[in-house]
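Student: Please walk me through how to read the features of this structure, one at a time.

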Amino acid sequence: MSAIPRYAHGSRVPGWDMPADLDKDPATIPGVGGSPSPEVPEGLRKEIEERMALYPDPRSAILPALEAAQRVHGWCSPDALEQVACVMRLTPAELAAVATFYDMLETTPVGRHSVYVCTNISCSLCGADELHAAIRDAAGDDDEFNVRPFECLGACDIAPMASVDGVYVGPLTADDIPQLLDDIRAGRPVLPDKQLARRLVADPRANGSEFPLHPAEHERGGA
Amino acid sequence: MARAAKTATTDSTRAGGPPMLLLRDIDEPGLNTLPVYERRGGYKSLRKALAMTPQQLLEQLKASGLRGRGGAGFAMGTKVSFLPQGDMDKYLVCNADESEPGTFKDRELMQKTPHALIEGIAIAAYAAGITQAFIYIRGEYVLQADVLDAAVREAREAGYVGENVLGSGHRLSLVVHRGAGAYICGEETGLLDSLEGKRGNPRLKPPFPAIQGLYQGPTLINNVETLATVPSIVAMGGAEYAKLGVATSTGTKVVSISGHVQKPGNYEIELGIPSREIVHGLAGGPPDGRKVKCWFPGGSSSPVLTGDDLDIPYDFDSLAKAGTMLGSGAIIVADDQTPILDVALKVAKFYRHESCGKCTPCREGTNWTVEMLERIDAGEATPMDLDIMASVQEHIIGNCLCVLGDAMAMPIGSIVAKFRPELEAHMERARLRRGLNGAGASDAALAAQGVVAAGAGTGPYPEAHH
């Protein structure tokens, strides 16, 4: 969403609504009532239709459908919205309203690889703000990356942490950053030793001796 | 503090602690798959439940005294009994949108023992006569959602979920639904709107979801941990479960502890043990040489407590009596080197970002609170601003459709009340710094003026001595 130009005192600069063609009728459902039907990639159409069949009200599939379209297009582009709208028989406006609400749905073009750095309270107590700045600087203007601060990702036990294309890694230090970015660029698993998937539960009473434990990923130093 | 009904269990050996109902051997390889879960006695509770009538099952749940583990702490059995009887489309929604800052217990449960959750859902659905269930999991939990998808598939193939659950004639469909990043979708009615494919705006209550929820049908909404506890309750019997914990807070609870502690993570505790046992005993306390300055007992939405409050028993009612809440069971510890303003600002900014904007007190209140806190840091505030800020918090509480605004107002209100001298000192320092050269004087320059130098995060940060 492009920012609406405003004066210093907050009022909108006249003409802010010019990009929206107010003379035009609102967009209708693509492919219905004579409006042109966009070409929808077959895989995407199938995924959306399967999803719609799972719910009593097919509109419940809007979020999964937008996520699927974002996977195909890289972001919720006007084309992506139009394709989803065509399959789901909704107006693109309805989808845009939903897409603008959720943090994980991108409404502007972004880098292919998302790096969400948690900067909420627990992580920031452990230095997440500095970590985010360092990762952002290290990634520089490489447009492969979408480095952004994120609200609590639910992994405060590995603070400070980041979610790299959905894979949780932590606790991260500044020394991990070059390896992190290299792993992403090379398409390797990111920082395998620091992935959350490999961590054991912290409670020492939880795991008994009735089965062999994973190799020692158990201990974690100070906070 | 008052009596600690439970004796302390400093001994962190397996033998010494409470029974492990949720975390027992949770890292056993393959526990996320059906064969291992079944070998360990999984789905026996479902068979036992299906042999009872729904009414008998409901009595067991009520007898257990289990209170919701998501934040509000409402009695689970009572909630189930609110659903109307009879043949109609009723829904069960498992709230797996775990977004409360500091909380990560459901993540561990879903990732490592997804079948416990599915079994709990199947049992609860049977008790309430529900045939359609959804797990609404936050979109960021990719791994956990994948694990759940696979587990649901296994359960369906084995007949624990589907057209005819274990030949009982009971029907249950179960769908894993991924969110897309919005804290407000953890609020139950915001979650329902989101699940219906809309923006996650909370609804006016009443009608409560138990009467009119998803697709306008009666809906039972429970947290992951609550539902994952249900199989244990059925296995041991409600009355037996109620013997764990203390009278009004029964059972065990997985506590997520993070921030300035040496061993952050999830710990299963018996409700009612002294908070000190968790913060210092289990999690090892703050790093050496530092002290607990403040802690959130139940996620960032709970009013803060100080290091002097660590003897409060960790259960719903004791914490409520102390003016705070158990919430989601997420303890966040900040040590004595943390400027309290940083904590307040982080919390306020989070709620500003996550406010859905529907109700004015929350939308505007969160924004102005952030601006006022920033003004303190910039040296543009006066002590009167603290009074205004406190009054803004009071005007948010109870005036919105949901409690998101309250969730900022309560901790900020408590920070202003408990740390006012430090906030005033911070304000004064920032004002002097700004006044000396307009933009920002060095600590040395301030020291020359007799102002105590204490840059953010660089030293102990108590009340300044003027």
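**Domains, sheet, helix and interface**

Tutor: The C-alpha centres of domain 1 and domain 3 of chain B lie 38 Å apart. The model is predicted: local features need pLDDT of at least 70, side-chain atom pairs count only at pLDDT 80 or more, and totals for chains, interfaces and linings use all residues. Residues are numbered from 1 along each chain as its sequence is written, while chains are lettered from A and ligands numbered from 1 in the order in which they are written.

Student: Where do the domains of chain B begin and end?

Tutor: Domain bounds come from an automatic or database domain assignment. Here chain B has domain 1 (34–242), domain 2 (245–338) and domain 3 (341–448).

Student: How many residues do domain 1 and domain 3 of chain B give to their contact?

Tutor: Two residues are in contact if their C-beta atoms, placed from the backbone, lie within 7 Å. Domain 1 of chain B contributes 11 residues and domain 3 of chain B contributes seven.

Student: What is the strand order in the open sheet of chain B?

Tutor: Helices (H or I, at least four residues) and strands (E, at least two) are DSSP runs, numbered from the N terminus. Two strands pair if DSSP finds at least two bridges between them. The five strands run β8-β7-β11-β9-β10 in chain B, with mixed pairing. β8 (265–270) and β10 (305–306) of chain B are at the edges with a single partner strand each, so one side of each has no neighbour in the sheet.

Student: In which sense do β9 and β11 of chain B pair?

Tutor: β9 (residues 292–296) and β11 (residues 330–335) of chain B are antiparallel, over four bridges. B:Trp295 has B:Val333 in β11(B) as its bridge partner.

Student: What span should helix α16 of chain B have?

Tutor: The expected span is 1.5 Å times one less than the number of residues. For the 15 residues of α16 (residues 404–418) of chain B that gives 21 Å, and the end C-alpha atoms are 22 Å apart, which agrees.

Student: Is α16(B) mostly covered or uncovered?

Tutor: A residue is buried if 20 or more other C-beta atoms lie within 10 Å of its own, exposed if 12 or fewer, and partly exposed in between, with C-beta atoms placed from the backbone. α16(B) is mostly covered, with 12 of its 15 residues buried. Those buried residues pack against β9, α13, α14 (360–378) and α15 (383–396) of chain B.

Student: How many residues does each chain give to the contact of chain B with chain A?

Tutor: Chain B gives 63 residues and chain A gives 47 residues. On the chain B side, α13(B) supplies the largest share, six residues.
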